[in-house]
Amino acid sequence: MNGLLETVLKSGNGAAVQQLAGSFGVSGDDALQAVAHLMPALNRGVRNNISSADGLDKLLNALNQGNHQRYLEQPERLAEQDTIEDGKHILEHILGSREASRQVASQAAAQTGLDTDLLKKMLPAVAALLMGGLSKQGAALGTAAPPGAAGQAGSGGIAAMLGDMLDADNDGSVVDDLLGMARRLF
């Protein structure tokens, strides 16, 4: 996750975080805290999704077709209603329910001291940034691959990009985690 969070925070010299701060009427430090505490929960949601039989293919398809990188390249778009709607769809897919989104916001509020309602409003924009970060990392690694390519030879760049997400126990190896996923599936 550190690589993904870094990608988002460093993109445009922190322009996305500054845009969030301006859009939601908070300081840059508060926006930074929000992103730093919301992203790990969203990352866990992505991990859960890619552990399902077709979850990785769906994620790759979304990354290939969604043009999410624009949220990092044009952070002013974070304030647009279209971005918020896209972020809500991303959240629905990643977390599965509004209740889960509320829980993520509540946990981040407890950790940061920021208002829960503010974090609920920011969550769709942060979800868009998450997908923008994944898209940017994927483009940098040349991982654009058609759906279904996740398990094919030559997809090492994809594994590298998603390595942090696949290594659920953070032991530096995804093999044990992939075996665990396979056991759950079969």
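Helices here are DSSP runs of H or I with at least four residues, numbered from the N terminus. With that settled, here are some exercises on this predicted model.

**Exercise 1. Get an overview of the fold.**

Task: Find how many helices and strands the protein has, and what share of its residues count as buried.

Solution: Start with the secondary structure: there are 11 helices and 0 strands. Reading along the sequence therefore gives α-α-α-α-α-α-α-α-α-α-α. Next, turn to accessibility: 46% of the 186 residues count as buried. Finally, look at contacts with a separation of 6 or more: 70% of these join residues 24 or more positions apart.

**Exercise 2. Place L95.**

Task: Say which element holds L95, whether L95 is buried or exposed, and which residues L95 touches beyond four places in sequence.

Solution: First, locate the residue: L95 sits in helix 6. Second, compare its accessibility with the cut-off: buried means under 20% relative accessible area, and L95 has 18%, so L95 counts as buried. Third, list its contacts, setting aside residues up to four places away: A41, L42, G45, A100, S101 and V104. Fourth, check a pair distance: N43 is 52 residues from L95 along the chain, and their C-alpha atoms are separated by 9.8 Å.

**Exercise 3. Find the buried faces of helix 2 and helix 4.**

Task: Identify the buried residues of helix 2 and of helix 4, and explain how they are arranged around each axis.

Solution: Begin with helix 2, residues 15-24, where A16, V17, L20 and A21 are buried. Looking down the axis, these residues fall within an arc of 145 degrees, so they line one face of helix 2. The general background is that an α-helix has 3.6 residues a turn, so residues three or four places apart point the same way.

Now repeat the steps for helix 4, where the buried residues are G55, L56, L59, L60 and L63. Their arc around the axis is only 135 degrees, which puts them on the same side of helix 4.

To finish, inspect what comes after each helix. Just after helix 2, G25 takes a positive phi of about 65 degrees. Helix 4 is followed by N67, whose phi is also positive, near 50 degrees.

**Exercise 4. Describe how helix 3 meets helix 4.**

Task: Work out the geometry of the helix 3 and helix 4 pair and name the residues that meet.

Solution: The two axes come within 6 Å and cross at roughly 120 degrees. Angles of 65 to 115 degrees would count as roughly perpendicular and those over 145 as roughly antiparallel; helix 3 and helix 4 are therefore oblique to each other. On the residue level, helix 3 brings V46, N49 and I50, which meet G55, L56 and L59 of helix 4. By type, this contact has 4 nonpolar residues, 2 polar and no charged.

**Exercise 5. Map the largest nonpolar core.**

Task: Name the residues that touch the most other members of the largest nonpolar core, and find which helix gives the most to it.

Solution: This core has 47 residues, and L20, L38, M39, L42, L119, L129 and L130 touch the most other members. Two or more residues come from each of helix 1 (2-10), helix 2, helix 3 (28-50), helix 4 (55-65), helix 5 (70-73), helix 6 (81-95), helix 7 (98-112) and helix 8 (116-141). Helix 8 gives the most, with 12 residues. Now zoom in on L38: beyond four places in sequence, L38 touches V104, A105, A108, L119, L123 and V126.

**Exercise 6. Compare two loop residues.**

Task: For S11 and N13, decide which is buried and which is exposed.

Solution: S11 belongs to the loop between helix 1 and helix 2, and N13 is found in the loop between helix 1 and helix 2 as well. The relative accessible area of S11 is 6%, so S11 is buried. N13 reaches 79%, and N13 therefore counts as exposed. Leaving out residues up to four places away, S11 touches A16, L72 and K136. As for backbone, N13 has a positive phi near 55 degrees although it is not glycine.

**Exercise 7. Follow L114.**

Task: Find where L114 lies and what L114 touches.

Solution: L114 lies in the loop between helix 7 and helix 8, and its relative accessible area of 12% makes it buried. Beyond four places in sequence, L114 touches D30, A34, A109 and L119. V26 is 88 residues away in sequence and 9.7 Å away C-alpha to C-alpha.

How values were computed:
Residues numbered from 1 in each chain as written. Predicted model: local features only at pLDDT ≥ 70, side-chain atom pairs only at ≥ 80, totals over all residues. Heavy atoms only, no water. Buried < 20%, exposed > 50% of the residue type's maximum accessible area, 1.4 Å probe, protein only. Arc of directions from axis to C-beta. Core = buried A, V, L, I, M, F, W, Y, C linked by side-chain atoms within 4.5 Å. Contact = heavy atoms within 4.5 Å. Axes fitted to C-alpha atoms, helices over the stretch in contact; angles between N-to-C directions. Parallel < 35°, antiparallel > 145°, perpendicular 65-115°, else oblique. Nonpolar A, V, L, I, M, F, W, Y, C, P; charged D, E, K, R; others polar.
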